[in-house]
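Biologist: Could you walk me through this model, one term at a time? I would like to hear the reason behind each label.

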Amino acid sequence: MTALEYANIIIDISHEKVDRLFQYRIPDRLKDKVEVGCPVEVPFGKGNTMRKGYVLELTDEPNWDPDKIKEIAAVPEDKLGAEDISIRLAAWMKRYYGSTMIAALKTVLPATKKQNIQKHKFVSLRMDLRQAREYYYECASKKNQKARERILAELLLAPDDRIPYELITQKLHVTAATLKSLAEKGVIRIDEEEYYRKPIAGDSDRYGAKELSPEQQGIVDSFISDYDAGKRDTYLIHGITGSGKTEVYIALIDEIIKRGKQAIVLIPEIALTYQTLMRFYRHFGDRVSVMNSSLSPGEKYDQMERARTGDIDIIIGPRSALFTPFPNTGIIIIDEEHESSYKSESMPKYHARETAIELAKLVPGGASVVLGSATPSLESYYRATTGQYHLFELKRRLTGGTLPQVEIADLREELRTGNRSIFSRRLQELMEDRLNKGEQAMLFINRRGLAGFVSCRSCGYVFKCPHCDVSLSEHRGGRLVCHYCGYEQPLTKICPKCSSKYVSSFRAGTQQIEDEVKKMWPNARTLRMDADTTRTKGSYDRILSAFASKEADVLVGTQMIVKGHDFPDVTLVGILAADMSLHASDYRASERTFQLLTQAAGRAGRGEKPGNVVIQTYEPEHYSVQTASRQDYEAFYEEEIAYRDLLRYPPISHMMSVQILSYDEDLGMQFATRLRAIMEQNKRDGAIFIGPASAAIGKINDVYRMAVYVKMDDYDGLIAYKDMLEKYIHQLEDMGKLKKISVQFDFDPVNGF
DNA sequence: AGCACGCCGACT
DNA sequence: GTCGGCGTGCTC
């Protein structure tokens with residue numbers, strides 16, 4: 001029951017007049033039905049025509065003359081349509097991730113109609129040319145029919161006798177009213193045409209489903225018997241690389257489509273490769289469509305329209321594909337669910353996994369969510385073990401390809417025995433061997449956590465915060481700083497553990513490595529792949545295909561080279577600095593490292609020839625390194641979840657990061673301290689406050705960044721804190737006191753701030 | 001998007 | 001004077 005008097009409503013989303021809110025009174029009879037996100041019927045405009053709107057805010061304060069505020073007429077009872085669901089989802093995202101409703105709406109309704117001239121409405125002549133010419137002269141002779149004259153002139157000249165509607169209203173300055181009267185007079189005709197662009201020409205030589213292994217078939221059968229029994233659930237498929245998760249997805253989608261439903265498949269942007277897509281195209285033909293960032297807004301809109309009208313049943317795309325307006329979504333699949341690209345970095349900072357689960361609840365009849373990964377996120381595996389998700393395992397590799405032999409090279413030992421190069425002796429040996437045999441190698445530098453941790457190159461000791469157990473970062477003036485709580489200590493030149501003087505911050509780049517390779521093996525042909533070399537469109541695919549066609553012997557790159565793509569001739573993978581991501585200054589460092597190492601190791605020996613992997617590290621005994629080298633997920637999980645439990649990090653607990661951006665460092669710090677104080681004055685059970693502290697990247701474009709963290713078992717408690725802070729911030733803004741500071745919230749952060 | 005209002009030329 | 005086309009601005 002809403003006790004509040006007024007609802008702020010947005011009218012007719014589809015026509016991009018999202019800029020204004022209209023306030024309506026909520027009549028008593030509707031008070032228990034009206035809520036944020038729900039569709040309503042309201043009288044609008046001079047003629048009080050009934051229009052559909054959506055409730056975005058509820059309030060007790062009229063924002064103008066209460067006598068002029070009209071009443072909401074009705075709340076439609078019928079099943080929610082695709083757009084209603086999107087708005088509801090936006091309302092949930094606003095609440096759950098703490099963004100504005102407008103930002104949430106823009107995320108959920110990404111494609112706008114106003115894109116290309118190639119639209120569906122066309123205007124054409126309804127009379128023959130002679131008649132039209134006569135009518136044109138008639139208009140031209142009169143002073144008050146200039147608009148008609150312009151249209152006629154344009155239509156007479158049009159090459160195919162028709163003009164896009166938008167061209168007329170925008171370029172010719174003719175209003176819709178004029179067109180309508182001309183249409184009624186029988187001079188012109190307004191046609192709608194369905195015209196959709198297809199981003200990839202689908203060769204639809206469908207071939208039937210592949211024979212599934214008993215393991216795979218078991219998953220499909222179990223899922224379908226749940227589904228047919230009306231059970232909608234979240235499933236986690238933990239399947240080692242090469243165990244055939246994609247075939248399972250395809251079989252599941254087949255079954256879902258047979259039941260008249262549609263499927264959304266999310267994959268990380270980076271894995272949107274031609275091969276992956278072709279597997280879906282071959283099976284589903286033109287019933288499948290792809291969304292990716294290289295599509296123009298117009299093309300994206302077309303994909304959405306095709307989904308809405310039932311032209312397609314399956315959409316594949318990155319996290320934004322989640323908002324495809326299918327009439328009856330039956331399954332949402334998230335492949336490589338551990339990928340950090342599923343967490344949005346702009347407002348609202350939503351996670352595709354959680355949002356998919358929420359969407360699945362809103363969809364008519366409910367949908368099931370299927371998560372898949374070789375290295376599941378701690379979140380998902382934790383929920384699978386606690387019974388919130390259903391766990392499936394794929395333990396057998398389908399296609400041959402033996403598991404590579406993984407070796408760990410101890411860089412401390414290398415230094416001790418006089419090897420100061422960036423390649424361990426074992427890696428040099430193997431490189432030599434592969435280059436001689438004409439086989440390929442990949443060198444992977446882990447550049448995550450570039451903020452630069454400080455370590456001892458002799459014993460591997462890493463300076464850590466005694467309170468937060470994350471690495472300290474080196475700051476100017478010889479200070480070591482914790483990015484969570486702000487703890488600080490002076491940088492010492494001598495290692496506190498082994499007293500050596502090899503203490504330094506760790507930095508390395510792909511460029512240096514490529515240079516080093518060329519120096520050591522002048523005949524080796526190298527390719528480099530990192531943020532610099534993949535800046536232009538298509539360069540990513542170009543580099544990968546060049547390497548696949550053996551135009552180079554060595555591929556040097558950052559984490560982007562470890563995803564997807566099979567190179568059968570790669571028989572050596574070198575991981576140059578496994579530690580890098582281990583000591584990023586946030587609590588997910590070990591998890592990320594394990595995932596990267598496991599995936600990188602999985603690149604070797606995908607073909608017939610056996611492969612080798614060398615993991616170079618200063619910390620060979622670390623559990624991330626050890627368990628990754630054995631490809632032992634469960635062992636890693638046990639260690640990691642114990643650490644999260646001890647320090648109350650997600651997924652055991654929840655964490656909200658309150659991020660403050662300020663042009664003035666002192667002002668920002670003061671404000672952050674004030675925010676923490678406000679929360680502490682209203683302390684809730686089990687809340688733990690940390691900070692404020694400077695962010696991992698303390699300053700970007702002259703804007704200082706700092707954060708306060710709150711850890712709490714109860715997610716709703718965090719939301720309550722967020723609401724409390726938002727209210728306070730709005731008050732200050734209304735008084736004009738918060739010009740130089742902005743605040744954002746990030747729940748259960750995935751990427752460091 | 002749709003509607004009313006107000007301006008201005010055309011027709012009675 | 002009145003009718004009607006057409007551009008503009010507003011819609012709680």
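Biologist: What makes the pair formed by the side chain of R148 and a phosphate oxygen of DNA strand C a polar contact?

Modeller: Keep in mind that this is a predicted model. A polar contact needs two N or O atoms within 3.5 Å. An N or O atom in the R148 side chain is 3.2 Å from a phosphate oxygen of DNA strand C, so the pair qualifies.

Biologist: Which other residue has a polar side-chain atom by a phosphate oxygen of the strand?

Modeller: R150 has one, at 3.1 Å from a phosphate oxygen of DNA strand C. N144 uses a polar backbone atom instead, 3.0 Å from a sugar or linking oxygen of the strand.

Biologist: How many residues surround DNA strand C, and which are the closest?

Modeller: There are 21, and the closest are R20, Q23, F44, W64 and K70. On the DNA side, sugar and phosphate make up 61% of the strand's atoms that come within 4 Å of the protein.

Biologist: Which element gives the largest share of that surface?

Modeller: That is α4, with four residues. β2 (22-25), α4 (146-157) and α6 (176-185) each provide at least two. By type, the surface has six nonpolar, eight polar and seven charged residues.

Biologist: Now to the interior. Why is F671 called a member of a nonpolar core?

Modeller: Such a core joins buried residues of certain nonpolar types through side-chain atoms within 4.5 Å, and Phe is one of those types. F671 belongs to the largest core, which has 130 residues; Y484, V658, I660 and F671 touch the most other members. Helix α1 (residues 82-97) gives this core its largest share, nine residues. In soluble globular proteins, nonpolar side chains tend to be buried together.

Biologist: Which residues does F671 contact beyond its neighbours within four places in sequence?

Modeller: They are I660, Y728, I729, L732, L738, I741 and V743. There is also a second, separate core of 32 residues, including I250, M278, I331 and F392.

Biologist: How do you know that the span of helix α10 is close to what is expected?

Modeller: The expected span is 1.5 Å times one less than the number of residues. α10 (residues 297-308) has 12 residues, for which 16 Å is expected, and its first and last C-alpha atoms are 16 Å apart.

Biologist: Which residues of α10 are buried, and what covers them?

Modeller: The buried ones are G298, Y301, D302, Q303, M304, E305, R306 and A307. Their cover includes β10 (288-290) and β11 (314-317). After α10 comes G310, with a positive phi near 80 degrees.

How values were computed
Residues are numbered from 1 along each chain as its sequence is written. Chains are lettered from A and ligands numbered from 1 in the order in which they are written. This is a predicted model: local features need pLDDT of at least 70, side-chain atom pairs count only at pLDDT 80 or more; totals for chains, interfaces and linings use all residues. Side-chain values use heavy atoms; hydrogens and water are left out. A residue is near a molecule or strand if one of its heavy atoms lies within 4 Å of it. A polar contact is a pair of N or O atoms within 3.5 Å; within protein, one must be able to donate a hydrogen and the other to accept it, and residues adjacent in sequence count only if both atoms are side-chain atoms. Ala, Val, Leu, Ile, Met, Phe, Trp, Tyr, Cys and Pro count as nonpolar, Asp, Glu, Lys and Arg as charged, and the others, Gly among them, as polar. Buried means under 20% relative accessible area, exposed over 50%, partly exposed in between (1.4 Å probe, protein chains only). Contact means heavy atoms within 4.5 Å.
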